[in-house]
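Q: Please take a close look at one part of the structure shown here. How does that part fit into its surroundings, and how far may the coordinates be trusted?

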Amino acid sequence: MSTEAPADRIVDRAAAHATPALIAVRDRLLVALAFSSGMYEAICFLSFGKVFTGFQTGNIVFLGLGAAGTRPPFGPDPLRVVTSLVAFGAGAALAVRILKAFDGDEEVEDSDVFQVWPRRVSITLGVALLVQVSFLAVWIAASPSTDVSRVLLGLNAFAMGMQMNAIRSLHVPGVSTTAETATVISWVSGIATWSLKATSARRLTGVLVGMAVGAMVGDWMLSHAHTYAPVLPALVMALVIAIASKALKQEPLLLASDNNLENPEA
C-alpha cells in the first residue's frame, strides 16, 4: 500500500508564475464577483418570476417542469426560462469571441496559463458591465411590465454568460463566480481526500460565502432600496475590473522569462 500523500487535485497553474500576493488579490476579486453575482441572482429571481440568470442548471430543471405542464404560480413562466437560457448562451458565445480576439482561447491548456488576470478578461468583463449598466438604466427608468421584465431578465443573463466565460478562461479550479456546483464539489472533494491546500480552501470558501452574502444583501436591497438595488453589484463589478487592471498587470517580459525557464529549448 502506498504511503505517499494524496495528489493535490486542486491545482492553480497560474500560481507558478505569480507571487502569492498577486494570487491573493485575484482570489479576493473572485469573491467580490461571486458577491455581485449573488446580488444579481437574488434581484432577478425575486423580481422576475423565480427564474435564474446565472444558475442555468436550475433553469434547465424549470424547463422540464414547463414541458410537463407546470405553470405559474406553481412554477416559472417557460418563456422567461427560455429567455434566460438563450441570453446566457449568447453572452457566453460573445465572451468567447472577445477572449479569442485578444489572444484568448476557451480551450487553453491549464499548463499554458501564465497570467493571473489577462487583459482580455478585464475587457470581457468590461463589456458585461456595460450590459449591467443597461440593465440598471432600464430598471430605474422603465415602468414595470411583462415585456420590461423579460428585457431585464435577458440583459442580466447575457451579462452573466459573459462573466462565466471570462472567469472560466482564468482556469482557476472550481470557480466560475456565477454558479457554485463545481465550487462545492471541489471544496468537498478536497476535504475528503485531504488535498485541499490553505490557499484553495480560502478561495473556495470565500466564493461560496460571497455568493450567499450577496444573495442576502440583494434580498435586503429589494425590500429597503428597491430602485437602487442593482447599483451595488454594478459598482462591485466596476471595482473588480479597475483593481484587476491596475494591481494584476504582469509585465510581458517577466512572463516570457518564466516561460523560457520552464521550456529552455523554446
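A: A residue counts as buried when its relative accessible area is under 20%, as exposed when that area is over 50%, and as partly exposed in between, with a 1.4 Å probe and protein chains only. N165 has a relative accessibility of 9% and therefore counts as buried. This residue lies in helix α5 (helices, H or I, have at least four residues, and strands, E, at least two; both are DSSP runs numbered from the N terminus). Setting aside neighbours within four places in sequence, N165 is in contact with A92, A95, V96 and L99 (contact means heavy atoms within 4.5 Å).

The model is predicted: local features need a pLDDT of at least 70, side-chain atom pairs count only at pLDDT 80 or more, and totals for chains, interfaces and linings use all residues. Residues are numbered from 1 along each chain as its sequence is written, and side-chain values use heavy atoms, with hydrogens and water left out.

The partners of N165 can be placed by residue number, since A92, A95, V96 and L99 fall within the range 78-101 given for helix α3. Helix α5 itself comprises residues 146-168, and its axis comes within 12 Å of the axis of α1, which it crosses at roughly 160 degrees (axes are lines fitted to C-alpha atoms, for helices over the stretch in contact, and angles run from 0 to 180 degrees between N-to-C directions). The two helices are therefore roughly antiparallel (over 145 degrees; under 35 is roughly parallel, 65 to 115 roughly perpendicular, and the rest oblique). The crossing of α1 and α5 is left-handed (the near helix is turned anticlockwise from the far one by less than a right angle; right-handed if clockwise). On the α1 side the contact involves L30, L33, S37, Y40, E41 and C44, and these meet N156, M160, Q163 and I167 of α5. Sorted by class, this contact holds 6 nonpolar, 3 polar and 1 charged residues (Ala, Val, Leu, Ile, Met, Phe, Trp, Tyr, Cys and Pro are nonpolar, Asp, Glu, Lys and Arg charged, and the others, Gly among them, polar).

Helix α1, residues 20-47, also packs with helix α4, residues 119-141; their axes are 14 Å apart and make an angle of about 35 degrees. That crossing is left-handed as well. From α1, the residues L33, Y40, I43, C44 and S47 meet L125, Q132, F135 and W139 of α4. This contact has 7 nonpolar and 2 polar residues, with no charged ones. L33, Y40 and C44 of α1 thus appear in the contact with α4 and in the contact with α5.

Helix α3 has a further packing partner. The axes of α2 and α3 come within 9 Å and cross at roughly 145 degrees, and the crossing is left-handed. From α2, Q56, N59, I60, F62, L63 and G66 take part, and from α3, P78, V81, V82, S84, L85 and F88. The classes here are 8 nonpolar, 4 polar and no charged residues. In the loop between α2 and α3 lies P73, which is joined to P72 by a cis peptide bond with omega about 5 degrees.

Past α5, the loop to α6 holds H171. This residue is buried, with a relative accessible area of 19%, and its phi is near 60 degrees, a positive value in a residue other than glycine. In the loop between α6 and α7 lies W194, whose phi is likewise positive, near 55 degrees. W194 is exposed, however, at 78% relative accessible area.

Helix α7, residues 198-224, contains T199, which counts as partly exposed at 36% relative accessibility. Beyond its neighbours within four places in sequence, T199 is in contact with I23 and D27. Its C-alpha is 8.2 Å from that of A24, although the two residues are 175 apart in sequence.

For the protein as a whole, there are 9 helices and 0 strands. Of its 266 residues, 45% count as buried. Among contacts with a separation of 6 or more, 78% join residues 24 or more positions apart.

As to confidence, the mean pLDDT is 86, and 85% of residues reach 70 or more (pLDDT is the predictor's confidence in each residue, from 0 to 100). Residues 1-10 have a pLDDT below 50, and this stretch has 13 contacts in the model beyond near neighbours in sequence. Residues 252-266 also stay under 50, with 7 contacts beyond four places in sequence. Where pLDDT is low, predicted coordinates should not be read in detail.
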